[in-house]
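Biologist: I should like to request a close look at a single part of this structure, namely its second largest pocket. Please describe that part with care, and then set it beside other features of the model.

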Amino acid sequence: EEAVGEEGATQRPAVAPLGVSLDDDADSSEEEAVVDTVGNIPMEWYDDFDHIGYDLEGKPIMRPESKDHIDQFLDREDGSHWRRVWDEKHHKEVLLSKQQMQVLRRLQKGLYADVNYDPYPELFETPGDHIHPLLNTPEPKRRFVPSKWEAQKIAYLVKAMRKGWIKLDEERKEEDDVERTLHRSFGLMWADDDRVLDPEETRAAQKRIARHIAAPRRKLPGHNESYRPPGEYLMSEATKEIWRKTRPIDRKIHFIPERHDSLLSVGQYERVVQENFERCLDLYLCPRAVAIKRMVDKPEDLLPELPRPEELRPFPSRLSMSFIGHKPQKYVRSISPSPTGEFLASGCDDGTVRVWEVATGRCLASYFLAAKATKAFIGELEEHGLQHENYPEQEDDSSGDEAALPEEEQRRRELKRRLHSTERVVIHSIAWNPNPAIPLILVGIGTKVALLCVAGAVGHEDTPLVSSLARMLSMDEDEEEEDLEERGRRKPIVKWEGSKYDGMSEDDEDDNLMALKLVDGVKIWIHHALPVENVTWHRKGDYFASVCPSSVSRSVIIHRLSSKTSQCPLRKKKKKGRSAVQCVEFHPSKPIFFVVSKRYVRVYDLKKQSLIKTMKPNAKEAGSISVHPSGDHFIVGTLDRRVCWFDMDFSRRPYRTLRYHRHNVRAVNFHQRYPLFASCSDDGSVHVFHGMVYNDFLKDALIVPLKILKDHKVVNNIGVMDVKFHPTQPWVFTAGGDGRILLYT
């Protein structure tokens, strides 16, 4: 049969559930048992399955296929789609009848479902006449007059609430909690017995005691604690002997694993009392806190809220100038600005030290320091047909027996070997004197430290300065002989020698350069036993330090310019496996000395001549250091791509470790006035950071990445080798392996 809808359209036949008859008179008790294949359980349990129950044979009843959008659209063609509902119990679509729709409409209107139901039936009284009513008592007067007893009760309640005799529910609950806590057998362990505690103090202490923190769980036993451990967990006799000789505090395990045939043969553990006592001490002495889980909706919420870089200006962000003068593809290993920021010195592998004017980028002077050649030596080379150049490439003619050669040829070969041995050196480090009145530059070249005077190049041509520098840098032969006689009893640490070669070209006839020769040039050479790779000045400009990493007991030497003396503060020989010293740095305001080795940073007090503390960068090899102007913080650059920020008052471990570079970090540097610091790496990039140190000791330092500068070319896996900030402006100088020096503003 087909059902006809209200609008006259032909409707689909009503779809009944499994085995349900449309006849109201049919007995549905047995059919419901067939239909209800799920039972009285939530239907959500079948959401992850393809079936919806089981039949009488125990086979799963598969879930009917759901209609797609096309079928749903076709169902809207007839006018009965709004009368169809989905039966979640049996996963069938049911067509509501007119009677059912009528029931739904009545329920929506707030009426009774059954049309024939009468909510107000007629009252049928019991037949018969009643002579007396059930209640015929007149109303009492107290029902019309306010009760004085209730008024007294209300007045008493108001008075009790005002005087605190009656407590509210919240106050009563708090007092009950405190009272319940007071009845416990807890007490203040550190309180004096004769001191009477304040009630508020007692209440606060009892609340603190009531907040119990559960003890951490013990570590579960491993395979070595089994009564029959595997063979790889058993110790040999040699291992047992080593275990017995090891201190108990250094042992990884506190027992020797043994194998037993059965669990009944296992004896009592010897250290059970001691381990329980140690655990009680740990629970009693070690502080614990309740770990509160943080609900995070977005991963971005875990990032710290940092200010935007635009709010932290000024900082260097663009390339403004390029200083070009060194030979291309020669590494510019070190740069150093003058204290006033007007000039810049650079040292390159081509053997030259150049002085630049920052404002114009012009090279004011160039000094060739690769060889300490004299005019007589150059003349002797020319007599034998040899050329004195920066890097001479002579043919190798050392084969054969030299004794059989003529004397002239033997002398020629000796001069050639001397020329090659003296010229193939590298300028590793340079440092400008921080005192503006002393225009000197320290140059670490080969096994020597050169004191290069640049007074004429920087415009200091006044007579008093020239005369004072001349007296300071004078090295007479008599003084050198007396110094050697005084130190004749022991081997000198270094040798101070006055220079006869100033680094200027002998055949230069330019008037300006000839005038500079009167003042400029290398004035003193300090000879070391091994190559010098780092030099640095003290803040006052009189003391300076040099580092020879390959030395055993004289790796760090401190020199004094005014007295021309040297001393070795670290005389102890390196232990086996101890890392070599890489670089050193003086404290900005205190007699403190920082010594950086490959694995540690040791801080020494020069006044007390003692070790203050040892910092651990947690790196394979540290290579550079820079101290904050406040002196309480410093950063260390490592060769495993890390920049470690240390707080002297915080911990021996790094306060922050920055891992932004992709290759070795070559140098790091703090700005002396602005809250900026930078790092350079072999990946050809320079990273500029905002590093604010607050005077409030309770507030941590703020570190914000600002800018990445990438303008240097990577040559032979060498990128940027040095970075230095301008002394007064928020500018930064960089020197790279491509032979260029860049200025960012």
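**The second largest pocket and its surroundings**

Modeller: The second largest pocket encloses about 1300 Å³ of space. Its lining is made up of 30 residues, and those closest to the centre are Glu225, Phe255, Tyr269, Arg271 and Glu275. Please bear in mind that the model is a predicted one. Helix 8, which covers residues 272-285, supplies the largest share of the lining, with six residues. Sorted by class, the lining of this pocket holds eleven nonpolar, eight polar and eleven charged residues.

Two cysteines may be considered next. Cysteine 280 has a relative accessible area of 48%, so this residue is classed as partly exposed. Cysteine 680 has a relative accessible area of 0% and is therefore classed as buried. As a general matter, a disulfide is a covalent bond between the sulfur atoms of two cysteines. The structure contains zero disulfides.

A further feature is an open sheet of four strands, arranged in the order 23-24-25-26 with antiparallel pairing. Strand 23 (622-627) and strand 26 (656-658) lie at the edges; each has a single partner strand, and therefore one side of each is without a neighbour in the sheet. On average, neighbouring strands of this sheet are turned by 20° against each other, with direction ignored. Within the sheet, strand 24 (residues 633-638) and strand 25 (residues 643-647) run antiparallel and are joined by five bridges. Isoleucine 635 has tryptophan 645, in strand 25, as its bridge partner.

How values were computed. Residues numbered from 1 in each chain as written. Predicted model: local features only at pLDDT ≥ 70, side-chain atom pairs only at ≥ 80, totals over all residues. Heavy atoms only, no water. 1 Å grid on protein atoms, 1.4 Å probe; cavity = no way out; pocket = protein on both sides within 12 Å on 5 of 7 lines; lining within 4 Å. Points joined across faces, edges and corners; volume = space filled by probe spheres on them. Helix = DSSP H or I, 4+ residues; strand = E, 2+ residues; numbered from the N terminus. Nonpolar A, V, L, I, M, F, W, Y, C, P; charged D, E, K, R; others polar. Disulfide = S-S within 2.5 Å. Buried < 20%, exposed > 50% of the residue type's maximum accessible area, 1.4 Å probe, protein only. Pairing = 2+ DSSP bridges. Axes fitted to C-alpha atoms, helices over the stretch in contact; angles between N-to-C directions.
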